[in-house]
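User: Could you walk me through this model? I'd like the overall picture and then some detail.

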Amino acid sequence: NVVQGNTLTEPSHKESNGVLRKFDFIVSNPPFKLDFPEYRDTLASDTIRFWAGVPNAVKKVDPMKPKMAIYTCFIQHVLNSLKPTGKAAIVIPTGFITAKSGVEKRILQRVVDERWVYGVVSMPSNVFATTGTNVSVIFFDKSANHDKVILIDASKLGEEYKDANGLKKVRLNDDEIEKIVGTFQRKEAVEDFSVAVTYEEIKEKGYSLSAGQYFDIKIDYVD
């Protein structure tokens with residue numbers, strides 16, 4: 001059931017009474033940046049659906065270099081579309097997981113305070129076909145029944161290759177995928193790769209969901 005349209009202004013998945021339909025599982029790979037000043041204020045006026053706010057409008061739209069972080073609206077839309085026990089996985093720019101201000105920081109604070117987020121996997125660069133942006137996958141569970149959040153830094157994994165256009169890309173092999181999945185499911189701490197942290201520890205680190213910020217610092221002494 002594929003529908004082409006504007007998910008944010010006119011969501012197609014609604015109940016008969018007009019409210020957003022709620023789902024058990026949602027997987028989303030939203031656009032990261034897109035200038036949308038023409039309907040920005042319409043979205044911002046819906047403070048229930050977009051509780052963390054909407055990015056500021058740009059004065060001039062540049063199709064080649066959009067500045068408005070539209071993915072922040074999609075994160076909120078997905079969270080609003082989950083059942084109380086629903087789970088979601090969303091591809092986001094890695095910069096989001098260490099956001100210090102704005103809409104991004106308000107989203108981070110809520111998903112940690114409400115214990116909705118339960119995992120993040122930071123991927124290697126150039127792992128997606130259509131973007132060179134560093135990406136992470138963030139996992140949510142509305143039931144909030146997790147004690148710890150598993151943070152995985154998979155950025156050093158993968159092998160380089162060139163695609164049909166001669167562009168440098170990175171792909172994960174089966175063993176690396178199994179390592180990521182297994183570590184995630186076990187919530188296992190692996191040196192320089194993964195860490196399982198409490199929600200209080202995340203708050204102490206300024207709501208950062210970056211695995212590297214929780215790794216032990218090792219000092220080597222050499223003669």
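Analyst: What follows goes from the overall fold to the cores, one helix residue and a surface patch. This is a predicted model, in which local features need pLDDT of at least 70 and side-chain atom pairs count only at pLDDT 80 or more, while totals for chains, interfaces and linings use all residues. Residues are numbered from 1 along each chain as its sequence is written, and side-chain values use heavy atoms, with hydrogens and water left out.

User: OK, how many helices and strands are there, and in what order?

Analyst: The chain has 5 helices and 8 strands, where helices (H or I, at least four residues) and strands (E, at least two) are DSSP runs numbered from the N terminus. From that end the order is β-α-α-β-α-β-β-β-β-β-α-β-α.

User: What is the radius of gyration?

Analyst: The chain has 19 Å, which agrees with the value near 17 Å for a compact globule of 223 residues; the radius is taken over C-alpha atoms, and the globule rule is 2.2 Å times the number of residues to the power 0.38. The C-alpha trace spans about 65 × 45 × 35 Å along its principal axes.

User: And what is in the largest nonpolar core?

Analyst: That core has 52 residues, and those with the most contacts inside it include I75, F96, I138 and L209. Strand β2 (residues 82–93) gives the largest share, 6 residues. A core here is a set of buried Ala, Val, Leu, Ile, Met, Phe, Trp, Tyr and Cys residues joined through side-chain atoms within 4.5 Å, and buried means under 20% relative accessible area, exposed over 50%, partly exposed in between (1.4 Å probe, protein chains only). A second, separate core of 11 residues includes F36, L43, V58 and M68.

User: Switching topic, is H77 buried or exposed?

Analyst: H77, in helix α2 (residues 71–80), counts as buried because its relative accessibility is 10%. Leaving aside neighbours within four places in sequence, H77 is in contact (heavy atoms within 4.5 Å) with T7, L8, P11, L20 and R49.

User: Which residues make the nonpolar surface patch?

Analyst: I217, I219 and Y221 make a patch of about 460 Å². Patch residues have over 30% relative accessible area and no salt bridge (a side-chain nitrogen of Lys or Arg within 4 Å of a carboxyl oxygen of Asp or Glu), with like charges joined within 9 Å and nonpolar side chains (Val, Leu, Ile, Met, Phe, Trp, Tyr) within 5 Å. Areas come from the Shrake-Rupley method with a 1.4 Å probe, and for residues only the protein chains shown count as cover.

User: Where does Y221 lie?

Analyst: Y221 lies in the segment after α5 (199–204), and Y221 is exposed, with a relative accessible area of 74%.
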